[in-house]
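Let's take a walk through this fold together, from its packed interior to its main opening. Have the model open beside you as you read.

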Amino acid sequence: MSMPNTKIAMEGELTAEKRATLLEFHPILEKNYRLPTPMLERTYAVIRERVWMKRTGVYLYASPRIGKTVCAEEIQALLPLEFPRLYIMRVSARRSLRPSDAHMFRLLLDSVNHVLNKRTSVDLLFHNIKSDIMVKLAALGGTHFVLIIDEMHLLSDIDLEQLLALHNALHMEKISMTTISFAQPEIKDKVTGLMTRRQHQILARFLAEPIPFEGCTSVADLRKILESYDIDSEYPEGSGWSYTRFFLPKAYQAGFRLTNYSEEIWDALLNALGSYAGAGVPMEHICLTIEYLLLALRADDCPNVIISGKDCTDAVGAANLATFNGLMHNSVT
């Protein structure tokens, strides 16, 4: 089924019938929305400074589901707005069953859908990726290449050695390279191993600056996230209707806002997650919780809608179950 035209000419035209038609394509149901968060703002402030200073490498680490991949995607989108002459490449690392000199170069070429990414010659693969970077930078009038690596802990020593070779080759061409990496906490074991094996050049280039990547760490952070649902989001395009308003128009008109329940939702999240929330509540848990709340309350929309403690607990429980099922699926696949 094709998606209907969701651009609304004037605010106030969303009848119940029209919202019912648009509901199945709502970003919340399609899981394709991005909201500004305090965590992203803090992380981007750190990254943009390192890029501006042309640092060689920085890595951020956190447990699964905190939001590293989304952050990597957003940083890739934000950096060109401030640094238009950068050439940016984002790679999702994967472990090689048979470590080889070609694996890192294939990852890089795959990330840009390069037509020659299946070549078997390491020299040709290296030449292709180096040439691609040089050509793209020449077109932009720049001399700074930024590589964003997600799941860096999956790279082998050989992969990192080849990455170092690329870094050095670009340096010979007067091209700066900054590597921004995201990894799970086991990256610290890899750093220890590299130190033991005296791989100081790799450490200096890519792993010299560890930064913890935190989830939502306070009720103040959560309140800003909820404000995005209440105010800073929009669906359909051009309607002026936030996500909260779309699901609860009668309650919204009467003054209902998710932000009014920040403390109740926060308490429910902390009670459910316990010590797992030590590095902050994962963004995935928050989004799923809010999605469940909006969908559950939608059927009872009226001017005096309230969120009870049980509503919060049920939504957080459903979010935790969905996250657990997702983790189990990933472990199997």
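Helices here are DSSP runs of H or I with at least four residues, numbered from the N terminus. Residues are numbered from 1 along each chain as its sequence is written. Please keep in mind that this is a predicted model, where local features need pLDDT of at least 70, side-chain atom pairs count only at pLDDT 80 or more, and totals for chains, interfaces and linings use all residues, while side-chain values use heavy atoms and leave out hydrogens and water.

Start with the pocket (on a 1 Å grid over the protein atoms alone, an open set of points where a 1.4 Å probe fits, with protein on both sides within 12 Å along at least five of seven lines; lining residues have an atom within 4 Å of a point). The largest one has a volume of about 760 Å³, counted as the space filled by probe spheres set on the points, which are joined across faces, edges and corners. Its lining comprises 28 residues, and Arg34, Gly67, Val70, Met283 and Glu284 are the closest to the centre. Helix 3 (38-52), helix 4 (68-82) and helix 14 each bring at least two lining residues, with helix 4 giving the most, 6 residues.

Now turn to the nonpolar core, a set of buried (under 20% relative accessible area, 1.4 Å probe, protein chains only) Ala, Val, Leu, Ile, Met, Phe, Trp, Tyr and Cys residues joined through side-chain atoms within 4.5 Å. The largest has 41 residues, and Tyr229, Phe256, Ile265 and Ile290 have the most contacts inside it. Helix 14 (283-298) is among the helices that supply at least two of its residues, and the largest share, 7 residues, comes from helix 14.

Notes
Buried < 20%, exposed > 50% of the residue type's maximum accessible area, 1.4 Å probe, protein only.
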